[in-house]
Amino acid sequence: MKGPKLPKEIAPEDRTPLVEWLLSVIEYQQSIIEEQSQQIEQLKGRVEQVEEALKKAKKLTGKPQLKASQLEHPPLAQKRDGKRPGSAKGSKKLMLKIDEERIIEPESVPLGATFNGYRDYDVQELFIKAHTIRFKLAEYVSVEGRTIVGQLPADYVGHYGPTLKAFMLYQHHQCRVPQHLIHEQLQAFDIEISKGQVNRLLMSENSLFHREQDEVLRAGLESAAYVHTDDTGARHQGRNGYCTVVGNELFAYFRSCDSKSRQSYLRLLRHPFEDYVLNDYAQAYLVQHGLAPCHLAKLSFSSQVLCQGESAWQGYLERLDIVTPLAVRLVTEAALLGSVIAHGVSPELIILSDGAPQFVLFVHALCWIHMERGLRKLSGETPEQLKEIETLRYQLWAYYQALKFYRQAPTEQDIPAFNRCFDAIFAQTFEDNPPLNAVLKQFTLHKADLLRVLEMPTLPLHTNAAESDIREVVTRRKISGTTRHDLGRKARDTFIGLQKTCRKLDFSFWQYLTSRLKHKNDIPYLPDVIRQRAAKTIAQPLTT
């Protein structure tokens, strides 16, 4: 704020030396005040910028307000028309199976009217009602006194039929209906069942499904050229835990555990086996990760199974005097990796992830959208920095679009050009923009993981499919909270995986459940389907 100004004129008789000196002092002080006022206004704006950046960095305003990634739909890409994909309407009246026909005559027909045929009007209806079957098992007694009794059909085990069991499983695992609501629902349908029976049928009697899901994992890993993976929090019995998904376009497998270490991830890939193998791949892993030579000399490497089970493995390490935490961890990871490869997983398998350390195994590929997040978080402190960030963002979008076009028609001769263009964009440095330089350095450090698509064009550029798979666990966590029993956690993982796999293979999950529970072959064995379809989609070599 400016102070009052000096009067424009002072009478000559009043201009004494003292007055002249005071006037000069006042003018000098006013100039300083005006200069400082301008500096204060500038500093206020700067303080507001710093406070806003600090709030974002410390997440003081809650969840960061980051917009969704536009790599898949950047501003550079123009819409061809105003309609969204898949918005074209299809016929609502498909080839319906007619189960019943009813003829309806007019209330009154005038004299002389001639019959002109029937006008079809189809109505789809659903019947839900309790249906109790009383099996009268014939009983005979032989001359030797042996009792002979008729046997129930194979699909009727216990006092609840296969369709009722399938309905409960479908409601709980497909429609996410909690157990107590399923109990209320069945009671409304006049089904006599207790809450304990509902819990038992949903959790316990599922060994058939557990075995098929385990085989889905084996078939998927053995036939896959790549898998995507992700994890999320999944509390169990009041303690922190994690659920991890492994899959691709043909299958999905979920497994929960207490930690998300690399050992836990390798145990998932090894499941359902429990052996430990120190083969050549395990040796290469130990050398790569710098196991101390004194420990490396104690180990022998071959394709032989060393032991079965975790307790036996701990005893093996103790006999070799490998007890330090780092050495135990590295040797255990190596033995698990050797077992995974020994059970049919290719050492050239590509694992596409968000870059979490536990997933960096085999041949690793990195998600472009996760890498782009580092660029989207930059706010810039000056107009020059904002301009540099925006320019680089557009360069990234253009490069990503070029990779998408490359996946549609890949050729070997394009690979050198993509490598040169990557270096030209992400090897840049900016003199007054250290945050942007740090982001670019991450791109250059992970260049090989980001450009796996050049060698395998069928590999996705992002982990959106993995995040879509794992989102089912997040939704269930919001509905039901934690799991309380090991069988319940296992049942959740199994049926989420089977549901996702059925959807990817274009099978109805309801038809799958009824087919398995009624011992029919309406839906083929899922692992066989995965192997057959994987054989038809083997990656084609690049054209020259």
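Biologist: How many salt bridges does the structure hold?

Modeller: The structure holds 16 salt bridges, where a salt bridge is a side-chain nitrogen of Lys or Arg within 4 Å of a carboxyl oxygen of Asp or Glu. This is a predicted model, in which local features need pLDDT of at least 70 and side-chain atom pairs count only at pLDDT 80 or more, while totals for chains, interfaces and linings use all residues. Residues are numbered from 1 along each chain as its sequence is written, and side-chain values use heavy atoms, with hydrogens and water left out.

Biologist: Why is the pair of Glu381 and Arg46 called a salt bridge?

Modeller: The closest N and O atoms of Glu381 and Arg46 are 3.8 Å apart, and the limit is 4 Å, so the pair meets the definition. Side chains of opposite charge can pair when their charged atoms come close.

Biologist: What does the pair of Glu381 and Arg46 tie together?

Modeller: Glu381 lies in the loop between α11 (368-376) and α12 (383-408), whereas Arg46 lies in helix α1 (residues 17-58), so the pair ties together parts that are 335 residues apart in sequence. Helices here are DSSP runs of H or I with at least four residues, strands are runs of E with at least two, and both are numbered from the N terminus.

Biologist: Why is Glu381 called exposed, and what is Arg46 called?

Modeller: Exposed means over 50% relative accessible area, buried means under 20%, and partly exposed lies in between, with a 1.4 Å probe and protein chains only. Glu381 has 52% relative accessibility and therefore counts as exposed, while Arg46, at 37%, counts as partly exposed.

Biologist: What makes Glu212 and Arg516 a salt bridge, and where do the two residues lie?

Modeller: Their closest N and O atoms are 2.9 Å apart, which is within the 4 Å limit. Glu212 lies in helix α5 (residues 207-223) and Arg516 in helix α18 (residues 509-517), so this pair ties together parts that are 304 residues apart in sequence. Glu212 is buried, with a relative accessible area of 2%, and Arg516 also counts as buried, at 9%.

Biologist: Which residues do salt bridges that share partners join into one network?

Modeller: Arg176, Glu472 and Arg476 are joined into one network in this way.

Biologist: How do you know that Cys243 has no bond to the closest cysteine sulfur?

Modeller: A disulfide is a pair of cysteine sulfur atoms within 2.5 Å. The sulfur of Cys243 is 8.4 Å from the closest cysteine sulfur, in Cys257, and this is too far for a bond. A search of the whole structure finds zero disulfides. Cys243 itself counts as buried, because its relative accessibility is 0%, whereas Cys175, at 37%, counts as partly exposed.

Biologist: Why is Gly488 called buried, and where does this residue lie?

Modeller: Gly488 has a relative accessibility of 16%, and for that reason counts as buried. Gly488 lies in helix α17 (residues 486-504), and its C-alpha atom is separated by 5.3 Å from that of Met203, although the two residues are 285 residues apart along the chain.

Biologist: What is the phi of Asp321, and is this residue buried or partly exposed?

Modeller: Phi of Asp321 is near 60°, a positive value in a residue other than glycine. Asp321 lies in the loop between α9 (310-319) and α10 (325-342), and with a relative accessible area of 48% this residue is partly exposed.
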